[in-house]
Amino acid sequence: MDPKPKNSIDSLLQESRRFAPSEAFAGASVARPELYSEAKADRLGFWADRARELVDWHTPFTEVLDWSNAPVARWFADGELNVAYNCLDRHVLAGNGDRVAFFWEGEPGDTRTVTYAELTREVKRAANALAALGIGRGDRVAIYLPVIPEAVVAMLAVARLGAIHSVVFGGFSAESLRGRIEDAEAKLVITADGGYRKGKVFPLKPVVDAALEQGGASVEHVLVVRRGENAVGFTEGRDLWWHDTVDAASDEHVAEGFEAENPLFILYTSGTTGKPKGIVHTSGGYLTQVAFTHRNVFDLKPERDVYWCTADVGWVTGHSYVVYGPLANGATQVLYEGTPDTPHPGRWWELIEKYGVTIFYTAPTAIRSFMKIGRQVPDGFDLSSIRLLGSVGEPINPEAWVWYRDVIGAGTAPIVDTWWQTETGGIMISALPGLTTLKPGSAQVPIPGISIDILGEDGTRVDPPHGGLLVVSEPWPSMLRGIWGDPERFRETYWSRFSTPERWRYFAGDGAHVDEDGDIWLLGRVDDVMNVSGHRLSTTEIESTLVSHPIVAEAAVVGASDEQTGQAVVAFVILRAEHADAQTPEEASVALRAHVAQAIGAIARPRQVFVVAELPKTRSGKIMRRLLQDVAEGRDLGDTTTLADTSVMHIITSDVRG
């Protein structure tokens, strides 16, 4: 008889390794223990203090939160500020103009070192140039650029004018770009002739041209950065070179104060159904929370740290933890255009050694990719400068967490595993590294001033140690203010599940478990929970179990239709390099199916385990499990255009179907 299945997440909660901060780290910690008690005693007063401490206001605010039109919040609404001034001018005026803002490295190896004074001058020039093109408060500007300094300059110049940027990741198609331009009614598009990726120049301006041929009637000008030396066509009267337009502009520009609720950006995030949602973020509350979390979660000491977040500026992580949070805090950063494996698999470690990176923030997908290659690559570089590591984007498996700490962090660097979303704007759940005893695989605790609950399907609070659905139960400063042009969709998508007329609660769409210590374990999207013979199983739980086996570097699990059980577990795994040739795929499948059954219970034993060379990922590193489900259920593949490498699915299909 099969053993009784364990409760969901039990196998993860058996993780017993704990890592307390060292005395030296704790003694010099930026985060103070009393932050939690201060926030608990007076949550709104806590955020008001942070806003005054971390943000310079043109007009001080007197009102902290207006929640009278819930679920649309107004934070610090009668205050005025300029976001770009907070990221630039005030550091120069404080005597830190010579501090490096960015060590930028292009994929081919070209470099720029940009100080705060230089960045301020460039943003002022760009703001003047954009104003001359008719851009002002409330106008929308689409930005479609690679990770080059001009991308940051463009974002800050738009913000300086009180306009609204909509950054579109450079890997999106012409159709995706057109949809975003038209939805936002962008007046200007800023792009480049091309950018470098995996040793090649990929076109950008031709994609913009194709998008505008299909629509985009609101666009008056296209501003083009020369980056890839691509031959591009120009439409007279519409298209302008950045170097002709911006470089000729004056570097004198006075930053005007705008209301705290002035929209700062629209960022489009794909839903499971329907067109992408244009998430709207405003200025004062957003800047307060991203500055606070960046400083305290990453233990930032701007006068000594070199910080590197590997995210593209086209994603929210790039907005909040490459541009606005770090620059508001006066941080020195590495900014890198290319991929981690070009021109060699140690490229990231080479840059950490070169620039003396002390704080490194990346995604679990990247970490597991490095595990696949083996530690011999990072071991070839001097990573001794690293003192803190971060993880973002999805739950991190305990084994990947420990590998990251041991191999990249020399067995001593704390890891902050951060949970948040495009919609939340800033980090919501994370350890504070000088205060928290770390648990591999657990996001751990809400940030001070953030209220998180785990609810059952009926909306009642789940007490430890149990699982349920994650909600944010009180408004927070960096929260989304709506979906651009669609207030009903905003209410229906995020607020309808658990809200009442007396209390609004934001449903994040994620499952979570709270353990006996009150620490939170993320289970992934609710859509990624399978129902096998009446048992709810988390894909995250099974994937973590697979990755805990010594032969596995990375795993993706989907639920496939099954006549007997309703859904069956199907796993796709990548083997670590040193084990890939040691056994046949059939032998690996047998061993891994047994491993899952032993760790979780027979109910979770995969029906099939497929050994593959790669997994289908978007350019932001997210695994597209929908496509794997197509393979597992024998369907024709759905849309693959958002994949970083569209050939991957053909290879997987060939491996699986023969």
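These legends accompany close-up views of a predicted model.

**View 1. Threonine 342 and its surroundings.**
Let us start in the loop that joins β17 (332-336) to α14 (347-355), where threonine 342 is found. Is this residue buried or exposed? Its relative accessible area is 12%, under the 20% cut-off, so threonine 342 counts as buried. Its side chain makes a polar contact with the side chain of threonine 339, at 2.9 Å. Once neighbours within four places in sequence are set aside, threonine 342 is in contact with Glu107, Lys198, Gly199, Tyr336 and Arg347.

**View 2. Annotated positions in the loop after β19.**
Here we turn to a feature that comes from a database record. An unreviewed UniProt entry places a "binding site" at a set of residues that includes Gly393, Glu394 and Pro395. The same feature in that entry also lists Asp417, Thr418, Trp419, Trp420, Gln421, Thr422, Asp510, Arg525 and Arg536. Glycine 393 lies in the loop between β19 (388-391) and α16 (398-408), and proline 395 is found in the loop between β19 and α16 too. How accessible is glycine 393? With a relative accessibility of 48%, which falls between the 20% and 50% cut-offs, glycine 393 counts as partly exposed. Proline 395, leaving out residues up to four places away in sequence, touches Pro364, Arg368, Leu522, Gly524 and Thr540.

**View 3. Helix α9 and what covers it.**
Helix α9 spans residues 174-184. Which of its residues are buried? They are Ala174, Ser176, Leu177, Arg178, Arg180, Ile181 and Ala184. The elements covering these buried residues include the strands β6 (140-144), β8 (188-192) and β14 (263-269), together with helix α10 (205-214). If you follow the chain on from α9, you come to glutamate 185, which has a positive phi near 55 degrees.

**View 4. The open seven-stranded sheet.**
Seven strands form an open sheet with mixed pairing, in the order β5-β4-β17-β16-β18-β19-β20. Why do β5 (111-115) and β20 (415-417) each have a side without a neighbour in the sheet? Both stand at the edges and each has a single partner strand, so one side of each is left free of a neighbour there. On average, neighbouring strands of this sheet are turned by 15 degrees against each other, direction ignored.

**View 5. The pairing of β19 with β20.**
This last view looks at one strand pair of that sheet. β19 and β20 pair in the parallel sense, over three bridges. To find your bearings, look for leucine 389, which stands opposite isoleucine 415 in β20.

Technical notes: Residues numbered from 1 in each chain as written. Predicted model: local features only at pLDDT ≥ 70, side-chain atom pairs only at ≥ 80, totals over all residues. Heavy atoms only, no water. Helix = DSSP H or I, 4+ residues; strand = E, 2+ residues; numbered from the N terminus. Buried < 20%, exposed > 50% of the residue type's maximum accessible area, 1.4 Å probe, protein only. Polar contact = N/O pair within 3.5 Å; in protein donor to acceptor, adjacent residues only side chain to side chain. Contact = heavy atoms within 4.5 Å. UniProt positions renumbered as here; feature names shortened; annotations may be inferred. Pairing = 2+ DSSP bridges. Axes fitted to C-alpha atoms, helices over the stretch in contact; angles between N-to-C directions.
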